[in-house]
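Work through the exercises below with the structure open beside you. Try each task before reading its solution.

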Amino acid sequence: MPEPALLRIEGLTADYGAVRALSGVSMAFEKGRVHAVLGANGAGKTTLLRAIGGLHPVAAGRVLLRGDDVTRMPVEQRVRHGIAHVPEGGGIIVELTVAENIRLGALWRRRSERPAALAAAFDLFPPLAERRARPAATLSGGERQMLAIGRALAARPEVLLLDEPSLGLAPRVTRQIMLLLRRLCDSADMAVVLVEQNARGALAVSDRGSVLAQGEVVAAAAPGELLADDRMRHAYLGF
Amino acid sequence: MDRFVDLTLNGAANGAVYAALALSLVIIYQATRVVNFAQPALALIAVYIAYSVSGLTGRYWLGFAAALLAGLLMGALTERLLIRSVHDRSPLSAVIVTLGLLLVLQGAAGMIWTNEPHSFPYPMDFRGRFSASDAFALVSVGTAAALVFALYRFTPLGLRMRAAAHRPEAARVAGVRVGLMLTTGWALASAIGALAAMLAVPPFVSPNVLDAVFVYGITAAVVGGLDNPFGALAGGVLVGLGLSYVSGYAGPELAPLACLAILVAVLSARPAGLFAAPSARKV
Ligand SMILES: Nc1ncnc2c1ncn2[C@@H]1O[C@H](COP(=O)(O)OP(=O)(O)OP(=O)(O)O)[C@@H](O)[C@H]1O
Ligand SMILES: [Mg+2]
């Protein structure tokens, strides 16, 4: 029997009251792969990540981590099982210092491993090291994204969910972050689920892309195929 | 001059009690936006338990420890059983629930221990200027405040509690069990409330003995800024001193009026309290 995918979602359906935001979405995410999830505003990308991460209740369908059903597991427990979520806007705690935010991400790990996790985040993002004692509220947009990613990585996740890490960043910084994600995915052997508006940038570093429209998967293919399909590009990816 | 020193020392000791009560309110308010009006009743039950334990064992300090422990447990239970389910819908309903709990617990105290005042003296001397009991009030509240500060500032538990208080969702995403942190906060706050009550109650305990003290405590919290633990402590000392001077120089019957005057004066100048953080809780 083949090994089950690290993370698999089956028929995931989620609502906001009477509004259906996701209907019957199925996807599989593998270790060492970056999986781009694309789509227009309101397509359901954020809802998808929130449902996987446990922040949004699932109306139907399942979330399977290494074959185990985690659909009803609370958020904080999923984190302990290896799912890290960088929510839309980063989800950092601006009242805490930079170092405290990262330490928070590493807290549930063994006491002896925590200092190394902090040092690793500062190695990865030197600007954060310089600002370690400052409140996170004083960071720039790009620095906040770094902190959000650093905090998520401090938990040593197996699955990294990222909701528009390029939001509001300069193209050059966006490109750096995309390349960084690629590198992290390869070196830390994670599955990265990358939600992006910036389809071209995301596909450039992805192994696979899925396109959502009105809560449904309308395409799932290798990046090259998606980029080659003019109709798809015009209709859903906006370039 | 001598009289001024007396009034200052006395006011500081009373202020320590108000500060502790204010701190217990602020810890909960910061995390949940709920003003816990049940605090005096929780503290009252804790004192009655201390009274019973001390009476049965003949050991005051055993009762004292029992009061703190009872405070801890009752705070945790209140959050788990009463507050959590309603708070998710609105903090205001949670405030109403604390008001209901206040009445129920005060009534229950009267039923269990009767409405008659029972003698429950300090174990140490409480006469004269700056008595041993005054010193004990200042030292114990100071120690409690320092411990709370150290807990929040320097321990992983404190970091989790701050994260949960500031941004519950972001804290959950970072792996913090937010519900457990709220329970812990209520337990801690309620234990501090029990400490305040143990200092405030003697020499007689009765169901309404904490009413005035609670009014002064909540004044201290509001004056200091409901969002700021240091403000609560400073507010407590301020109210303690203010009331002591007014009672001493103008007559004790004017103390409640002075309390109201302090409240109005501070709030009209600084609506969020004297020590409110400049950037309280952005979205
Ligand atoms: N809190 C909410 N209440 C009601 N409807 C919501 C809420 N959040 C999202 N929706 C709706 O659910 C659908 C999916 O929203 P979602 O945020 O997942 O989209 P998205 O793909 O992340 O969009 P964007 O690219 O703008 O971030 C949209 O139709 C949106 O209007
Ligand atoms: Mg979104």
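**Exercise 1. The contact between the chains**

Task: Find how much area chain B and chain A bury between them, and what part of it is on carbon and sulfur atoms.

Solution.
- Step 1. This is a predicted model, and the two chains bury about 1900 Å² between them.
- Step 2. Of that area, 60% is on carbon and sulfur atoms.
- Step 3. Now count the residues that take part: chain A gives 24 residues and chain B gives 19 residues.
- Step 4. Look at the chain B side. Leu159(B), Arg172(B) and Val173(B) lose the most area to chain A. Together they make up 31% of what that side buries.

**Exercise 2. Two helix packings**

Task: Describe how helix α1 of chain B packs against helix α9 of chain B, then how α1(B) crosses helix α10 of chain B.

Solution.
- Step 1. Two quantities describe a pair of packed helices: the angle between the axes and the distance between them.
- Step 2. Take the pair α1(B), residues 2-32, and α9(B), residues 211-224. The angle is about 65°, and the axes are 8 Å apart. The crossing is right-handed.
- Step 3. List the residues that meet. From α1(B) come Val17(B), Tyr18(B), Leu21(B), Ala22(B), Leu25(B) and Val26(B). From α9(B), the partners include Val213(B), Phe214(B), Tyr216(B) and Gly217(B).
- Step 4. Sort this contact of α1(B) with α9(B) by class: 12 nonpolar residues, one polar and no charged ones.
- Step 5. Turn to α10(B), residues 229-250. Its axis and that of α1(B) come within 5 Å and cross at roughly 145°. Here too α1(B) passes in a right-handed crossing.
- Step 6. The contact of α1(B) with α10(B) holds 17 nonpolar, nine polar and one charged residue.

**Exercise 3. The magnesium ion**

Task: Which protein donors does the magnesium ion (ligand 2) have, and at what distances?

Solution.
- Step 1. Two donors turn up: Thr46(A), through OG1, and Glu88(A), through OE. They lie 1.9 to 2.4 Å from the ion.
- Step 2. Place them in the chain. Thr46(A) is in helix α1 of chain A, residues 45-53. Glu88(A) is in the loop between β6 (83-86) and α3 (98-106) of chain A. The pair is 42 residues apart and links distant parts of the chain.
- Step 3. Check the accessibility of Glu88(A). The value is 43%, so Glu88(A) counts as partly exposed.

**Exercise 4. Backbone features**

Task: Where is a cis peptide bond found, and what are the phi values of Arg156(A) and Arg33(B)?

Solution.
- Step 1. The cis bond joins Pro202(B) and Pro203(B), with omega at about 10°. Pro203(B) sits in the loop between α8 (178-200) and β2 (204-205) of chain B.
- Step 2. Arg156(A) is not a glycine, yet its phi is positive, about 50°. This residue is in the loop between α6 and β7 (159-163) of chain A. Its relative accessible area is 59%, so Arg156(A) is exposed.
- Step 3. Arg33(B) also has a positive phi, near 60°. Arg33(B) lies in the loop between α1 and α2 (39-57) of chain B. At 25% relative accessibility, Arg33(B) is partly exposed.

**Exercise 5. Buried or exposed?**

Task: Classify Glu143(A), Val223(B) and Ala191(A) as buried or exposed, and find some of their contacts.

Solution.
- Step 1. Glu143(A) is in helix α6 of chain A, residues 141-154. Its relative accessible area is 12%; that is under 20%, so Glu143(A) is buried. Beyond its neighbours within four places in sequence, Glu143(A) is in contact with Leu128(A) and Arg131(A).
- Step 2. Val223(B) is in helix α9 of chain B. At 0% relative accessibility, Val223(B) is buried. Leaving out residues up to four places away, Val223(B) touches several others, among them Gly235(B), Leu238(B) and Phe275(B). Leu267(B) is 44 residues from Val223(B) in sequence, and the C-alpha atoms are 7.0 Å apart.
- Step 3. Ala191(A) is in strand β8 of chain A, residues 191-195. Ala191(A) too is buried, at 0%. Apart from neighbours within four places in sequence, its contacts include Leu6(A), Phe29(A) and Val159(A).

Notes: Residues are numbered from 1 along each chain as its sequence is written. Chains are lettered from A and ligands numbered from 1 in the order in which they are written. This is a predicted model: local features need pLDDT of at least 70, side-chain atom pairs count only at pLDDT 80 or more; totals for chains, interfaces and linings use all residues. Side-chain values use heavy atoms; hydrogens and water are left out. Axes are lines fitted to C-alpha atoms, for helices over the stretch in contact, and angles run from 0 to 180 degrees between N-to-C directions. Helices (H or I, at least four residues) and strands (E, at least two) are DSSP runs, numbered from the N terminus. A crossing is left-handed if the near helix is turned anticlockwise from the far one by less than a right angle, and right-handed if clockwise. Contact means heavy atoms within 4.5 Å. Ala, Val, Leu, Ile, Met, Phe, Trp, Tyr, Cys and Pro count as nonpolar, Asp, Glu, Lys and Arg as charged, and the others, Gly among them, as polar. Donors are N, O and S atoms within 2.8 Å of the metal (3.2 Å for Na, K and Ca); water is not among the atoms, so sites may look incomplete. Buried means under 20% relative accessible area, exposed over 50%, partly exposed in between (1.4 Å probe, protein chains only). Buried area is the accessible area (1.4 Å probe) that two parts lose on being put together, summed over both.
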